[in-house]
Amino acid sequence: MRKRPSEGGGPGRRRTGGAGHGRRRTGGSGHGRRTPWYRQVTPRQWKSLFAAWVGYLLDGFDFVLITLVLTEIADTFGLSTAGAASLVSGAFITRWLGGALLGALGDRHGRRAAMITSILLYSLGTFACGFAWDYTSLFTARLVVGMGMAGEYSASATYVLESWPAPLRNRASGFLISGYAGGTVLAAQLYQWVVPHWGWRWMFWIGVLPVLVALWVRRSLPEAGDWSAEVGAAGVRPDPFRPLFAGRARRRLNGVLAAVASAALFCVFTPVGAGHVPWLAALSALCLTAFAVQLGGRRGWVLYVSLTVTVFCAFLYSWPVQALLPTYLKTELGYAPAQVADVLFYAGFGTMAGCWLAGFTGDRFGTRRAYAGTLLASLAFVFPVFAVRVSLVALGVLLFGLLALGQGISGILPKYIAGHFPTAVRAASLGFVYNVGALGGAVAPVLGARLAEGMSLGRALAVLTFGLTLVVIVLVGGDVPVRLARLLDRGVVGDHLVPGGADGAVGRRP
């Protein structure tokens, strides 16, 4: 009997016999073997992917460009190093809220509406950065950028995943996330051409381009297939935040929790909280955990919390290298700025290629197996990368391999997270889990710098990357979030996005 999307076993249980069928379509037997995978994707589905990919490209562009022009901004406004760095962290303060709110918008009114809103938010926020007259105005604009970027991740990811054929959804995820890496490469190249001639403000004004993408998307794209079939056709709009507003007392309490969490994060990521960061971080973590428990409910809260911890650890292993690699190249290896730019240029392409590879391996072996196996292979590159001292070519090759495997696997992270949730609450759940976990990206550079106080920076980065990668391998490869969730609810479905679950028995009740 067909279940409604709001029921726990919805899409996953309805198609428990389809895992084999899904693989046959992409190369198992019969007609699927004779049909190349790219011909199974309709022109409209390719167009959907391209529209979302462009949004991710500009998302990566907008996020990275603030790091490129920090020194120019500090000179313009007379900021200290800590004050300038807080502009980067400012986007993290509102990410959790933006991911949840825009995700809920996508669940209630459709993925397309949420995707357009998120693109408009971070585009206009970036555009406003170019008009900033002091630190406060620029920091405020960065808060808007953070909300839009958070919504972009959940809205575009769910839109593409629910639009593409089920057996090819890892590929769709990998292609989509590769746009972010492309945006970082684009930002680095434009920086060299724009800033020396026109100044740092023009880098932000270029960020208004996503508005044009948003208008084009609104005119030309249909709604995501899964959402239309399971939610839109039902005529009943889901309300993912309903547990947070069940009664006047709970509404007031959650309002206080949201204010406290935002204030604590503001203090953590700005000089205001100097000397009290550990306590403030713990306070914000407690508030956000309280939201996760309520959103998950009595039987589902373990899944929310454990997935958030998994994403947090994923950021902890990946972001130290992303944030501190330029510093390592310049300080310990003595590379000139042009050499550093070359290394980062090829590193960006390594990440992009890794996203594509992750999509294909995810569809071939299953999301969890591909994720854990690729991360395991990446460990072979960690210590050699930081052992190379002289050869720029050897460093480039090793770094390409490390980022292709270790960072590129994040291309299927949206597929991994989104697959744990049914269609009716998928965007809000993905937005909340990912963007709360993304706070690990703010913690990671600080943790790496602290480790470097007792050892060389290169060794600190190697130890942190290797150790946290092992943790993520255990969490994802061992299916820890689902196993923990099944302690309270035996009917938890491991992958709602692929018929029967792409990882074999995960999609079925044990």
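Colleague: How many helices and strands are there in the protein?

Modeller: There are 22 helices and zero strands. Keep in mind that this is a predicted model.

Colleague: What makes Thr126 count as buried?

Modeller: Buried means under 20% relative accessible area. Thr126 has 2% relative accessibility, so Thr126 counts as buried. Thr126 sits in helix H7 (residues 111-129). Setting aside neighbours within four places in sequence, its contacts are Asp62, Leu65, Val145, Phe204 and Gly207.

Colleague: And why is Trp46 called partly exposed?

Modeller: The partly exposed class lies between the 20% and 50% cut-offs. Trp46 comes out at 32% relative accessibility, so the label is partly exposed. Trp46 belongs to helix H4 (residues 43-68).

Colleague: How far apart in space and in sequence are Trp46 and Trp164?

Modeller: Their C-alpha atoms are 8.4 Å apart, while 118 residues separate them in sequence. Trp164 is also among the contacts of Trp46, along with Trp37, Tyr38, Val41 and Phe175, leaving aside neighbours within four places in sequence.

Colleague: Where else does Trp164 turn up?

Modeller: In the largest nonpolar core, which has 146 residues. Trp164 is listed there with Ile73, Leu329, Ile417 and Tyr434 as the residues with the most contacts inside that core. Helix H14 (residues 277-331) gives the most to this core, with 21 residues. As for Ile73, the residues touching Ile73 include Leu79, Leu138 and Trp200, not counting residues up to four places away in sequence.

Colleague: How do you know that the span of helix H20 agrees with what is expected?

Modeller: The expected span is 1.5 Å times one less than the number of residues. For the 12 residues of H20 (residues 440-451) that gives 16 Å, and the end C-alpha atoms are 16 Å apart, so the two agree. Several residues in H20 are buried, including Gly440, Ala444 and Pro445.

Colleague: Why is the pair Asp489 and Arg299 called a salt bridge?

Modeller: The rule asks for a side-chain nitrogen of Lys or Arg within 4 Å of a carboxyl oxygen of Asp or Glu. Here the N to O distance is 3.1 Å, and the two side chains meet in a salt bridge. Asp489 lies in the segment after H22 and Arg299 in helix H14, so the pair ties together parts that are 190 residues apart in sequence. Asp489 is partly exposed at 21% relative accessibility, and Arg299 is partly exposed at 43%.

Colleague: What are the exposure classes of Arg368 and Asp479, and why?

Modeller: Under 20% counts as buried. Arg368 has 12% relative accessibility, so Arg368 is buried. Asp479 has 4%, so Asp479 is buried too. Arg368 and Asp479 form a salt bridge, with the closest N and O atoms 3.6 Å apart.

Colleague: How many salt bridges does the rule give in total, and which residues form a network?

Modeller: The count comes to eight salt bridges. Asp107, Arg111, Glu162 and Arg426 are joined into one network by salt bridges that share partners.

Colleague: What makes Leu484 suitable for a surface patch?

Modeller: Patch residues need over 30% relative accessible area and no salt bridge. Leu484, in helix H22 (residues 480-485), is partly exposed at 35% relative accessibility. Leu484 forms a nonpolar patch with Val293, Trp301, Leu487 and Leu488, and together they have about 440 Å² of accessible area.

Conventions:
Residues numbered from 1 in each chain as written. Predicted model: local features only at pLDDT ≥ 70, side-chain atom pairs only at ≥ 80, totals over all residues. Heavy atoms only, no water. Patch = residues over 30% accessible without salt bridge, like charges linked within 9 Å, V, L, I, M, F, W, Y side chains within 5 Å. Areas by Shrake-Rupley, 256 points an atom, 1.4 Å probe, with all protein chains shown as cover. Helix = DSSP H or I, 4+ residues; strand = E, 2+ residues; numbered from the N terminus. Buried < 20%, exposed > 50% of the residue type's maximum accessible area, 1.4 Å probe, protein only. Core = buried A, V, L, I, M, F, W, Y, C linked by side-chain atoms within 4.5 Å. Contact = heavy atoms within 4.5 Å.
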